[in-house]
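Trainee: Please take a close look at one part for me: the nonpolar interior. Start there, then follow the elements around it.

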Amino acid sequence: MKSKRLEENGLINRVAGSDYNFRYQKAGNRVVEDLEKVLRELAIEPKEIYSGQQTHSAHIEYVDGMNGEAFVFGKTFKDTDGLITDQTDVALFIKFADCTPVVLFDPVKKVQASVHSGWRGTTKKISLKAIERMVEQFGCDKEDILAYVGPSIDLANYEVGPEVYEAFKEFKTRDDFFEPRGEKYLMSMLDANLSILLKAGLKAENIEIERASTYTDNRLHSARKEGPDYQLNGIVTMIPSK
């Protein structure tokens, strides 16, 4: 599973699902083997690979190829749910189960960002923060930015409490991605994130949406479906130097 649009415009990318497990707390060093397998399948040898110790924050770190802390694979940043870089041959790696991975890429300025957007990160508009950094720090034009909204849990299988609905009170369009179900709600993570990208000024035709559900698609892991011992999917992206 991948974004063909991003690939056609120069960003190597791949969603690695149920054949892998990137939950280090449970899988241990198997995550290294699985990540190396993905890199072999992509036929890439990045100079470095970066991940974040994801905490449902809106914290985004710039990757320069040398910063970060050593991890069992590559380098990592604490309390980080987003990565951004203009460096070539440096891979970004985001983990997710039912949350939404969002990849942003400017093929003109050669800048990429990859974020993990669960409902908490979505309320904090982590995707918008990434777009703003691309514009302010790298001179990107919003009209050039391509976006890939990766697979996440579908509305029919994502029931949340009223506190989640309330957390989105500042979103004028929240009723577009919530449906009431008794005293609870069903939520579309995909459409919540899509609303942020559109309001940020990205062109609708530049946004590619993966509607495969982590809950119903056997190619993907789902925390809701798998329970406490759930496993994690991952998405790898890289700007090649040639």
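Mentor: What follows goes from the core to two helices, then to turns and cysteines.

First, the ground rules. This is a predicted model, in which local features need pLDDT of at least 70 and side-chain atom pairs count only at pLDDT 80 or more, while totals for chains, interfaces and linings use all residues. Residues are numbered from 1 along each chain as its sequence is written, and side-chain values use heavy atoms, with hydrogens and water left out.

Now the core. A nonpolar core is a set of buried Ala, Val, Leu, Ile, Met, Phe, Trp, Tyr and Cys residues joined through side-chain atoms within 4.5 Å. Buried means under 20% relative accessible area, exposed means over 50%, and partly exposed lies in between (1.4 Å probe, protein chains only). The largest such core has 23 residues. Within this core, L104, M134, L197 and L202 touch the most other members. At least two core residues come from each of strand 8 (100-106), strand 9 (111-117), helix 5 (126-138), strand 10 (146-149) and helix 7 (189-200). Helix 5 gives the largest share, five residues. Helices (H or I, at least four residues) and strands (E, at least two) are DSSP runs, numbered from the N terminus.

Take L104. Contact means heavy atoms within 4.5 Å. Leaving aside neighbours within four places in sequence, L104 is in contact with V111, Q112, A113, S127, A130, I131, M134, I145, L146, A147, L197 and L202. A second, separate core of 19 residues includes L11, V63, V90 and I239.

Next, helix 7. Nine of its twelve residues are buried, so helix 7 is largely enclosed by the rest of the structure. The buried set is M189, L190, A192, N193, L194, S195, I196, L197 and A200. From first C-alpha to last, helix 7 reaches 17 Å, close to the 16 Å expected at 1.5 Å a residue. That expected span is 1.5 Å times one less than the number of residues. Just after helix 7, G201 takes a positive phi of about 110°.

Helix 3 (residues 30-42) has 13 residues and reaches 19 Å, close to the 18 Å expected. V31, V32, D34, L35, V38 and L39 are buried. They cover an arc of only 165° (directions from the helix axis to the C-beta atoms), which puts them on the same side of helix 3. On the other side, E33 and R40 are exposed. Cover for the buried residues includes strand 1 (12-16), helix 2 (24-27), strand 2 (48-52), strand 7 (90-96) and strand 15 (233-238). Just after helix 3, A43 takes a positive phi of about 60°.

Check two loops. Most residues other than glycine have a negative phi. K110, in the loop between strand 8 and strand 9, has a positive phi of about 60° although it is not a glycine. Its relative accessible area is 37%, partly exposed. K125 lies in the loop between helix 4 (119-123) and helix 5. Its phi is also positive, near 55°. K125 is partly exposed at 25%.

Last, the cysteines. C99 is buried at 17% relative accessible area, and C140 is buried at 6%. The structure holds zero disulfides (pairs of cysteine sulfur atoms within 2.5 Å).
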